[in-house]
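Trainee: Please give me a close look at one loop. Start with its backbone, then work outwards through its surroundings.

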Amino acid sequence: GTTYNAEFIEGLPLVGRQFEDILTLAPGVTDADGDGTPNVHGARETSFQLRLDGTNVNNPLTGMIGQNVNIESIEDGELVTTGASAEFGRASGGFGNAITKSGGNDFAGSLKLFYRSDFLHGDGANDEDPPPEFTDTNVYLTAGGPLVKDHFWYFTSIEGIDEEIPVIFAAGGHAIQDLEGWLSFGKLTWQASQLHRLALQVNYDPLALTGNNIGPYTSLD
């Protein structure tokens, strides 16, 4: 298996700042069709299971990943490709598990802005056709701290997504996919006793993607 901590995630550029993209950095893991659900050692993507703090978040109808994970809410990411231990089950093509952050006794927060556009892309490696015009703007806001010191904490994270994704056609020309929405995460943690900790978390991920079926081999019509 492979693990990724918050320090590793912190250094990622805008391209690849989706949790599903991190999974493909492990040996033997690919996402050939780019839909976010990976293939592990050649297994079907519907055989992969993603867990959020140990809870399966796959879509029960399609078998694909059914929860968009706010990347700023992740403390550790774990990917198990072979030899899964007893707590994993109901999948044959690998497991991913995202461990989310919790607040602590000290207040902490962050505000980040990631920007990318064709202005920074040069001339497309001297291609005769100019690069397509696009703009990506992602905003991240996090905050966490104590409600009752040593007993009760909160953590929240909001990710605003506004991306234009160029799709280059094999026969020439291009089209733009638009991805807009929010990935919101909130968590309350209560240390009920020395042996018992309770957590309540809420995920909200409304996203709108236009041009979902556009691909390099799609007819220009």
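Mentor: Begin with the vocabulary: helices and strands here are DSSP runs, of at least four residues (H or I) and at least two (E) respectively, numbered from the N terminus. On that numbering, D53 sits in the loop between β4 and β5 (55-56). Remember that this is a predicted model. Its mean pLDDT is 89, and 95% of the residues reach 70 or more.

Now the backbone. D53 has a phi near 55°, which is positive although the residue is not glycine. Most residues other than glycine have a negative phi. Check the solvent side as well. D53 has 28% relative accessibility, so it counts as partly exposed.

There is a second case to set beside it. R90 also has a positive phi, near 65°, and is not glycine either. R90 lies in the loop between β6 and β7. With a relative accessible area of 86%, R90 is exposed.

Go back to D53 and step to a neighbour. I99 touches D53. The other contacts of I99, beyond four places in sequence, are S73, I74, E75 and D76. I99 belongs to strand β7 (residues 95-100). At 33% relative accessibility, I99 is partly exposed. I99 and I74 are 25 residues apart in sequence, yet their C-alpha atoms are 5.8 Å apart.

I74 takes us on to F19. F19 touches I74, together with L50, V69, I71, G77, N97 and A98, leaving out residues up to four places away in sequence. F19 is also one of the residues with the most contacts to other members of the largest nonpolar core, alongside I22, F48 and L50. That core holds 22 residues. Two or more of them come from each of α2 (19-23), β4 (49-52) and β6 (74-80). The helix α2 gives the most, three residues. In soluble globular proteins, nonpolar side chains tend to be buried together. A note on confidence: α2 has the lowest mean pLDDT of the elements, 85, while β9 has the highest, 96.

β9 is worth a visit too. Ring centres within 6.5 Å make a pair. By this rule there are four aromatic pairs. Y4 and F8 form one of them: the centres are 5.3 Å apart and the planes meet at 35°, so the pair is tilted. Y4 is buried at 7% relative accessible area, whereas F8 is partly exposed at 36%. F114 and Y140 form another, with centres 5.5 Å apart and planes at 85°, so this pair is edge-to-face. The pair links distant parts of the chain: F114 is in strand β8 (residues 108-117) and Y140 is in strand β9 (residues 135-148), 26 residues apart. F114 has 18% relative accessibility and counts as buried. Y140 is at 0%, and is buried too. R17 lies over the face of Y140, 4.6 Å from the ring centre.

One last site, a polar side chain. Q177 is in strand β11 (residues 174-191). Q177 is buried, at 10% relative accessible area. Its side chain reaches the backbone oxygen of G211 at 2.5 Å. Contacts of Q177 beyond four places in sequence include E163, E164, I165, L209 and N212.

To recap the route: D53 has the positive phi, I99 touches D53 and I74, and F19 touches I74.

Notes. Residues are numbered from 1 along each chain as its sequence is written. This is a predicted model: local features need pLDDT of at least 70, side-chain atom pairs count only at pLDDT 80 or more; totals for chains, interfaces and linings use all residues. Side-chain values use heavy atoms; hydrogens and water are left out. Rings of Phe, Tyr and Trp (its six-membered ring) pair if their centres lie within 6.5 Å; planes under 30 degrees apart count as stacked, over 60 as edge-to-face and the rest as tilted. Buried means under 20% relative accessible area, exposed over 50%, partly exposed in between (1.4 Å probe, protein chains only). A charge sits over a ring if NZ of Lys or CZ of Arg is within 6 Å of the ring centre and within 35 degrees of the ring normal. A polar contact is a pair of N or O atoms within 3.5 Å; within protein, one must be able to donate a hydrogen and the other to accept it, and residues adjacent in sequence count only if both atoms are side-chain atoms. Contact means heavy atoms within 4.5 Å. A nonpolar core is a set of buried Ala, Val, Leu, Ile, Met, Phe, Trp, Tyr and Cys residues joined through side-chain atoms within 4.5 Å. pLDDT is the predictor's confidence in each residue, from 0 to 100.
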